[in-house]
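Please read the points below with the structure open beside you, and take them one at a time.

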Amino acid sequence: MMVAGAGSGKTTSLIKALAHLRETRGKALRRAGQQIACITYTEVAVGEISADVGVTPLFHISTIHSFLWSVVRSFQSDIAAWVVSRIEEKIAEKRAHYDKPGTRAATKMRLDQEIVGLEAELEAVGRVEKFTYGTGSRYSEGILGHDDILKLTPACVEKHHLLREIVARRFPYIFVDESQDTQPAVIQALRQIASEQPLCVGFFGDPMQKIYGTGAGAIELLPGWGEITKPENFRCPTSVLGVINAVRAPGDGLVQTRGRTVTVDGEEQSVVGTVNIFILPSDDQRTARLGAVRAWLAAQTGDGLWTSDMRDGDVRLLVLVHRMAAKRLGFASLYSALNDHAPQSLSEGIADGSAWPLRPFVQQLLPLIVASRAGDQFTIMSILRADSPCLEPERLRGQAVAPVLVALQHAIEQLATLLADGSAATARDVLRHVRDTELVALDDRFAAHLMDDPVDDGAEGFGNVAAFLECNVGELWAHRKYILEESPFATHHGVKGAQFERVLVVLDDEEASYNQYSYGKYLGYAPLSDTDKANIAEGKESVLDRTRRLFYVCCSRAVKDLAVVLFAADVAAARSAVVDAKLFPAASHHGVEQLG
């Protein structure tokens, strides 16, 4: 296990390890038909690692979902057995909900329909010839979704010794990047294989950068496992290094050393950089106050790029949640729908578009229209081939393809009208069109929402999804601009692994409406709840742990200058708490009076 802080070059070490194996074991592995697996968190990271090590059959570089599917996809009878048990589990959940005291008559009617549908699906599964991995679960069609893969493969690994042996023979080396955000079941599956097979597993991560609720976090060092530490930080200037070490101290106590250096006249010199914190009132002048802070920073540092909103200005305004960015960019209703009183899986998935209700728009529908406007037929066909039920080989067997393509083209033209600038259409209108034309396959969780008279089926976040589907399509385009980083805003969650010259972190609990994090509690000017106190007393993860990790991730993005803006109802109390916390050098504290 490699445990190393931000800016330490974990990915560089991973790439060097891959290169070393290629040089020292490559020939033997190729002769044996074996590969070195490298699992990472996003497609972007897959691309970056592949670019660094080069494209070669020796390396199997993929996301966690793709890797897990590659391991299990040949075992079709085991997949079928798991799907049957999964459907039976869903039926049991629906029946338990039905039998709960107080379940409304309308909900019972809806649950009855869903149970009948699941029972029909259970019968249909027996006729599925082959299961594949796609977007959303459609078991009767033999399609498994993202969440299924994370449950299916570890379950099969645990159950079958032969599968564990096959994995180890095929991949004698398995490296896991961002291991702190990998699901515990996946970690356990790999450890189980390594405990009984000749297999080298490497976890590369940093528990202090765990920012997703489902991640494993710190991985226990078992007997026989080696630990590699990298205390150096090559990214942050020394002033920022002082802050992130102070933030990290009450966590795992890892102290990072060195800091960023530059070579001047042949000599290596430390970069000092700047750190500033502003404590400002949480009133209706937040946007204006942020503008004043940026102007002050530009003047004080002699760096006019602090006020730039262009990407090449390399400024990032990091907000805990998107409300401030959403209001400014035009997707406030979408943000509120998926964030306020929403389950964590929805609210955390706004930053990168991974929340399941956003996925079809982010990954398929808006890209289809962008490609259509550009006359890019290749991209259009790539999306349709991958995701349209109309183009599945089983559906096309025995029928002419041309009429199907004409119908899909017509469906795209109608979609373009729905998603045009100034359209009055809602997200629900778009999805009903997609469902009716089978343009792309939709997650089965949409079904209840797209009925003529939707009934709350008790699913987690049902009300949030319903509110999202009422949003105007213009908000979808505004959100797309945000996640494609076409503005200076980003979220605390959305920047892990990135770095920027100028970082401005906005701390604003009032705008967060989110009980997972609290800067007031973390810095000590807001009281802890009874639940917080109980969690801390029992050694469970608390709001303080989550907030500390997120703040560490934010501050450690800075390559040159770091500024923190804290909006608080009681500025004097917040200022006193910040001074007592000793996270920032005394000279870095500023208030409204300095902004003039």
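1. A word on Lys-582 to begin with, bearing in mind that this is a predicted model. At 65% relative accessibility, Lys-582 counts as exposed, because the cut-off for that word is over 50%. Lys-582 sits in the loop that lies between helix H25 (571–581) and strand E18 (589–590), and its phi is near 55°, which is a positive value in a residue other than glycine.

2. Glu-438 can be read alongside it. Glu-438 is not a glycine either, and yet it has a positive phi of about 55°. It comes after H18 in the chain, within the loop between H18 and H19. Is Glu-438 buried, partly exposed or exposed? Glu-438 has 30% relative accessibility and therefore counts as partly exposed.

3. The two helices on either side of that loop deserve a look together. The axes of helix H18 (residues 427–437) and helix H19 (residues 462–469) come within 6 Å and cross at roughly 90°, which means that H18 is roughly perpendicular to H19. In their contact, Ala-427, Arg-428 and Leu-431 of H18 meet Ala-466, Phe-468 and Leu-469 of H19. Sorted by class, this contact has five nonpolar residues, one charged residue and no polar ones.

4. Staying with H18, one may ask which of its residues are buried. They are Ala-427, Arg-428, Val-430, Leu-431, His-433 and Val-434. The elements that cover the buried residues of H18 include helix H14 (359–374), helix H17 (401–418), H19 and helix H20 (473–483).

5. A sheet elsewhere in the chain is the next item. Six strands form an open sheet in the order E3-E2-E6-E7-E1-E8, with parallel pairing. Its edge strands are strand E3 (59–63) and strand E8 (228–230), each of which pairs on one side only. On average, and with direction ignored, neighbouring strands of this sheet are turned by 15° against each other.

6. Two of the pairings in the sheet can be followed in detail. Strand E1 (residues 2–4) and strand E7 (residues 200–205) pair in the parallel sense over two bridges, and here Val-3 stands opposite Gly-205 in E7. E2 and E3 also run parallel, and five bridges join them; in this pair Thr-40 stands opposite Thr-63 in E3.

7. How many residues of E2 are buried? Five of its five residues are, so that E2 is mostly covered, given that buried means under 20% relative accessible area. Ile-36, Cys-38 and Thr-40 point one way from the strand, whereas Ala-37 and Ile-39 point the other way, and all are buried.

8. Helices also lie against the sheet, and their directions can be compared with those of the strands. Helix H2 (residues 43–53) packs on the sheet, where it touches strand E2 (36–40), E3 and strand E6 (173–177), and its direction makes about 160° with that of E3. Helix H8 (residues 184–196) lies across E6 and E7, and runs at about 150° to E7.

9. Finally, the division of the whole protein may help you to place these elements. It is divided into domain 1 (2–73 + 160–230), domain 2 (76–147), domain 3 (274–320 + 492–594) and domain 4 (332–483). The centres of domain 1 and domain 4, taken over C-alpha atoms, are separated by 33 Å.

Technical notes
Residues are numbered from 1 along each chain as its sequence is written. This is a predicted model: local features need pLDDT of at least 70, side-chain atom pairs count only at pLDDT 80 or more; totals for chains, interfaces and linings use all residues. Side-chain values use heavy atoms; hydrogens and water are left out. Two strands pair if DSSP finds at least two bridges between them. Helices (H or I, at least four residues) and strands (E, at least two) are DSSP runs, numbered from the N terminus. Axes are lines fitted to C-alpha atoms, for helices over the stretch in contact, and angles run from 0 to 180 degrees between N-to-C directions. Contact means heavy atoms within 4.5 Å. Domain bounds come from an automatic or database domain assignment. Angles under 35 degrees count as roughly parallel, over 145 as roughly antiparallel, 65 to 115 as roughly perpendicular and the rest as oblique. Ala, Val, Leu, Ile, Met, Phe, Trp, Tyr, Cys and Pro count as nonpolar, Asp, Glu, Lys and Arg as charged, and the others, Gly among them, as polar. Buried means under 20% relative accessible area, exposed over 50%, partly exposed in between (1.4 Å probe, protein chains only).
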